[in-house]
Amino acid sequence: MNEKYPMIFSPDSIGNVELKNRIVMSAMGMNQSDDGFVTDAVLEHYAVRARGGIGLIIVEVSCVDAPLGKNTGNSLVIDNDKYIPGMQKLTDVIHAAGTKCFLQISHAGRGAFRRITGMQPVAPSAVSMPYSTMMELSNETPRELTVKEIHNIEEKYAQAAFRAKKAGFDGVEIHNTGYYLGQQFLSSVANVRTDEYGGNRENRIRFLLNIIRRIRELCGNEFPIAVKLSVVESGEDAGITMKDGIYYAKRLQDVGVNAIEVLAGVWSGTKGNVAKAVDEECQMTGLCQILKREIRKMTGKNSTIKIIGGGHVQHPQVAEKALEEHQCEFVFVGRELLVQPDFVKLIEEGREDEIKHCIGCGTCSRVQLQKGETCRCVLNPDVGQIIKENRVL
Ligand SMILES: Cc1cc2nc3c(=O)[nH]c(=O)nc-3n(C[C@H](O)[C@H](O)[C@H](O)COP(=O)(O)O)c2cc1C
Ligand code: SF4
């Protein structure tokens, strides 16, 4: 047992998948596939981080419907069986280090760019993606999906999850935050449909619940499903209230989802607001606590769904405290693992004073979404250095 951080280094499970510690690497798109296929660069990126001691790696945004669902040219794709062998190699290198892995399955919806897809983006409604101060981008007005098209995309998510299972992933995470389709269905501002997919919370979550039910049919009850959820949004174009978020979380628990990774969305916030929000360490744990309390109130029982909280985590003491106080069961870490792939190992070995910290400059995201480049980190020259030529088959 690690005496200084007993909570971080105690095992826990998501569904029946046991994780050796409580640190979860958040999905971070690197934009370094070769036309959707896993490359040597992708293998190396995750192998290094798995060897760094992380309990669970959520492998980055993988498109269930290419090219329509892509917002970067070289994102991973999982909409066809031809991607399975590369993904299998990826799960092998991660498992070889004793780390578990989930695949994040995703569709960009109105966040997909015509310069990448060659098509007008699609969305629940013809409401364009608002300007994001944080990312400094917006997008053209999307085309509203027909119900038949929605059914088709639901099936694509489920088939993608089935492929992930075949490739050896321990579970999947369904992407419902940020600039992506899942979130767009949940938002009353992005989704103004008047049919069974819009108009109230029950209808807005239908898309997500249909996907989950179908994944269960294809992959069975034992295959863990996590959902990355914007529990609340702020800013002028916010379309998810805290009440919505609580309702959505409860529905996810009812339908047997195994974990929620808790996020909050910011739309069109002023620069000052954004900076304030990102400065606070482990910023989502307050939201995690609210969700846990409200789920208990609604069901009369403690939540059985595991809660993954975090946001701007840089110091183990903060993670340990959140776990100790039962604010969440797992702590997600994103950018810190770009800067410092062996973040967990250094903590475990008592060498935390050697950890380099992310400075929050945003270069890693902006170069991908604005310039179409491979991810880079100003503090770690190894990130995104080997480009795509070696497709893994
Ligand atoms: C370069 C980069 C790529 C990202 N790509 C994804 C992604 O593929 N899927 C996703 O859900 N979130 C993505 N995110 C958001 C992270 O998963 C995470 O939620 C966010 O960075 C906050 O965690 P942090 O403060 O620990 O970095 C990305 C973030 C960064 C910096
Ligand atoms: S590029 Fe900047 S924001 Fe991104 S991980 Fe590196 S230091 Fe952090």
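The following dialogue works through the features of a predicted protein model with two ligands, from its overall form to single residues.

Trainee: Before we begin, which conventions apply to the numbering and to the model?

Mentor: Residues are numbered from 1 along each chain as its sequence is written, while chains are lettered from A and ligands numbered from 1 in the order in which they are written. The model is predicted, and so local features need pLDDT of at least 70 and side-chain atom pairs count only at pLDDT 80 or more, whereas totals for chains, interfaces and linings use all residues.

Trainee: How many helices and strands does the protein have, and how compact is it for 393 residues?

Mentor: Helices (H or I, at least four residues) and strands (E, at least two) are DSSP runs, numbered from the N terminus, and the protein has 14 helices and 13 strands. The radius of gyration, taken over C-alpha atoms, is compared with a globule rule of 2.2 Å times the number of residues to the power 0.38; here the value is 19 Å, close to the 21 Å that the rule gives for 393 residues, so the protein is as compact as a globular protein of that length. Along the principal axes, the C-alpha atoms fill a box of roughly 55 × 55 × 45 Å.

Trainee: What share of the residues count as buried?

Mentor: A residue is buried if 20 or more other C-beta atoms lie within 10 Å of its own, exposed if 12 or fewer, and partly exposed in between, with C-beta atoms placed from the backbone. By that count, 52% of the 393 residues are buried. Contacts are a separate matter: two residues are in contact if their C-beta atoms, placed from the backbone, lie within 7 Å, and of the contacts with a separation of 6 or more, 72% are between residues 24 or more positions apart.

Trainee: How should I read a helix such as H4, and what covers its buried residues?

Mentor: An α-helix has 3.6 residues a turn, so residues three or four places apart point the same way. The expected span of a helix is 1.5 Å times one less than its number of residues, and for H4 (residues 147–166), with 20 residues, this gives 28 Å, which agrees with the 29 Å between its end C-alpha atoms. Among the buried residues of H4 are Ile150, Ile153, Tyr157 and Ala161, together with Glu154, Lys156 and Arg163, and the cover over the buried residues includes helix H2 (84–96), strand S6 (100–106), strand S9 (171–176) and helix H7 (206–219).

Trainee: Where does strand S11 stand, enclosed or open?

Mentor: In S11 (residues 259–266), 8 of the 8 residues are buried, so the strand is largely enclosed by the rest of the structure. Ala259, Glu261, Leu263 and Gly265 point one way, and Ile260, Val262, Ala264 and Val266 point the other way. Two strands pair if DSSP finds at least two bridges between them; strand S10 (residues 225–234) and S11 run parallel and are joined by 8 bridges, with Leu229 having Val262 as its bridge partner in S11.

Trainee: Which residues are closest to each ligand?

Mentor: A residue is near a molecule or strand if its C-beta atom, placed from the backbone, lies within 6 Å of it. Ligand 1 is surrounded by 22 residues, the closest being Ser26, Gly29, Val61, Gly334 and Arg335, and ligand 2 by 13, the closest being Arg335, Cys358, Cys361, Cys364 and Cys377. Helix H12 (335–339) and helix H14 (363–369) each supply at least two residues to the shell around ligand 2, and H12 gives the most, with 3 residues.

Trainee: What does the backbone do at Pro67, Cys282 and His326?

Mentor: Most residues other than glycine have a negative phi, and most peptide bonds are trans. The bond from Ala66 to Pro67 is cis, with omega near 0°, and Pro67 is found in the loop between strand S4 (56–63) and strand S5 (76–77). Cys282, in the loop between helix H9 (271–279) and helix H10 (285–299), has a positive phi of about 55° and is buried, with 24 other C-beta atoms within 10 Å. His326 has a positive phi of about 60°, but counts as partly exposed, with 13 C-beta neighbours inside 10 Å.
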